[in-house]
Amino acid sequence: MSKKQKHPDLQLQLTYTCMILIILITTRVSVSVSVSVSHPTTAPLPILPIPSARQLQWHQSELAMFLHFGTNTFTDSEWGDGHAPPSTFSPDSLDARQWANVALSAGFRRLLLTAKHHDGFCLWPSEYTNYSVKSTPWRGGYGDVVRDLASAVNDFGLQLGLYLSPWDRHEECYGQTLEYNQFYLAQITELLTRYGDIKEIFLDGAKGEGEKDMEYYFDIWFNMIHQLQPGALIFSDAGPDLRWVGDEAGVAGTTCWSLFNTSSAKIGDVKAQYAREGDELGQEWVPAECDVSIRPGWFWHPSEAPKSALTLLDIYYKSVGRNCQLLLNVPPNSSGLISPEDIKVLLEFSELRRSIFSKNLAEHAMITASSTRGGADSRFDASNVLEESIYTYWAPAEGQSDWMLHVDLQKKVNFNVLQLQEPIQLGQRIISFHVDCLNDKGEWHKMVDGTTIGYKRLLLFSKVETRFLRLVINQARADPLISFFGVHIDPYSNLTKDDSMLKGATMFQQTVRSDSPSYFI
């Protein structure tokens, strides 16, 4: 054997030794890597109840337009008796595309039409009655208002909702429980199977005194509606998906929960306060829809004029700004068009909202929190509240009882509106809160007390000038979460001490001036 040639056994031993060393090194590296990897902090558990996907979309749309239109438009009445001849309905310029265009231009995302009001007249050619557009001279009896609107909202990228009155003053079988429930289901089936996607069905318990007794099979109706249109939300005095706010002024309670118990409410007999405020202990997610008309009446009347844009702005604060959606009625006139004076107000209303809310005066603020979930996990960092989205939010560390956000606006700012939002996909949590501002002596002064926040809370108060703010969550159903903190200036609204905006959200009027960052603690 040559001196240069290695012994086979020795060579084999060296090979095994090298392999073992490689395995050990690889194992140590993999162990080291696995230990050093940090997993992201999990999101907080939702607190029930939570909104469905279609309810979330409803919250985010904020504004819907109601269209009361029918024979009442031509008889100068609000509640028709069901005896007006079909020929009464005679619009000479009906244009559903104009309705949709006006809605879109003014920032509305859904149009809801009275397909049948209490008089029983149908705006579509129903096969189950002759009291409809097919018995009118309009378009030779071949017109269909529902189809016109369905086509228009589709072209303009809007959503369609329909109102079908349970009370029918024309139909002879009304008052005969079985026959009328079958009749109503037949008509709702027509509407839900002919006109594409329907996003909302609006029902109410309205009925005049002395009218026939009638038992509605609401549970059957609701199940049939959800079967035929799974994406549709059902509104009634008591849900199941959306609830009435308890008035026709468009005003929600200053405390307003989306939580509700449908078992505690009855359609046609709901306690106004329960409807306005919801239920902190509610087991179902049934948010409130605030309906109000732009005019004194629900149908168009030649003698009436629309509310001002400033009045609509005030209603916006008290509806959308209190965790609700605003359903604003804009009735087409007897020509079949939205009146020019109504359009003017709607566009002014849109411009007021844009002017106030398009700019967040806190967009460059420095935000710090009392604690953050996961420590340095940026997914829950306080800075997330400057991003206008419910899907990014600040979350405090678990097990805390002091929940605060400190806001350094970087300079003195004049403002009179605060906007707060919760990530409601994880539940509505906050029971009460207050906002403080810092004076030039380094003292925190309470500026406003508030209760529920929900999807959106707008707080309007006398003008304040300060650099430093502090949001303090007093009480919550679970760890509080904040998705947006906005600071705005509204130069248009004038408040007095007796203004209803101040009820339930106590404002502490003062002027606070501070520039010193040393006070920001």
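**Exercise 1. Which residues lie nearest the centre of the second largest pocket, and how many residues line this pocket?**

Before we start: this is a predicted model.

Step 1. Start with the count: 15 residues line the second largest pocket.

Step 2. Now go to the middle. Nearest the centre you'll find E62, Y316, R353, F357 and K456.

Step 3. Look for helices that help build the wall. α2 (53-61) and α10 (340-357) each supply at least two lining residues, and α10 gives the most, with 4 residues.

Step 4. Sort the lining by character: 3 residues are nonpolar, 6 are polar and 6 are charged. The space inside comes to about 330 Å³.

**Exercise 2. Describe the largest pocket: its space, its lining and the residues nearest its centre.**

Step 1. Volume comes first, at about 390 Å³ for the largest pocket.

Step 2. Around that space sit 21 lining residues. Zoom in on the centre and you meet H118, D204, A206, E248 and D291.

Step 3. Split the lining of the largest pocket by type, and you get 10 nonpolar, 5 polar and 6 charged residues.

**Exercise 3. Work out why C290 and C324 are not joined by a disulfide.**

Step 1. Check the whole structure: the search turns up 0 disulfides.

Step 2. Take C290 and find the closest cysteine sulfur. That one belongs to C324, at 3.9 Å.

Step 3. Compare with the cut-off: a disulfide needs the two sulfur atoms within 2.5 Å. At 3.9 Å, the C290 and C324 sulfurs are too far apart for a bond, so no disulfide is counted here.

Step 4. Is C290 buried or exposed? C290 has a relative accessible area of 0%, so it's buried. C437 also counts as buried, with its relative accessibility at 0%.

**Exercise 4. Find the largest nonpolar core and pick out its best-connected members.**

Step 1. A bit of background: in soluble globular proteins, nonpolar side chains tend to be buried together.

Step 2. Here, the largest nonpolar core holds 85 residues, and W99 and L113 touch the most other members. Helix α6 (residues 177-194) is the top contributor to this core, giving 7 residues.

Step 3. Follow L113 outwards. Leaving aside residues up to four places away in sequence, L113 touches L67, F69, W99, L123, V145, V146, L149, G161, L162 and Y163.

Step 4. Don't stop there: a second, separate core has 31 residues, including A362, A365, I367 and A382.

Methods: Residues numbered from 1 in each chain as written. Predicted model: local features only at pLDDT ≥ 70, side-chain atom pairs only at ≥ 80, totals over all residues. Heavy atoms only, no water. Buried < 20%, exposed > 50% of the residue type's maximum accessible area, 1.4 Å probe, protein only. 1 Å grid on protein atoms, 1.4 Å probe; cavity = no way out; pocket = protein on both sides within 12 Å on 5 of 7 lines; lining within 4 Å. Points joined across faces, edges and corners; volume = space filled by probe spheres on them. Nonpolar A, V, L, I, M, F, W, Y, C, P; charged D, E, K, R; others polar. Core = buried A, V, L, I, M, F, W, Y, C linked by side-chain atoms within 4.5 Å. Contact = heavy atoms within 4.5 Å.
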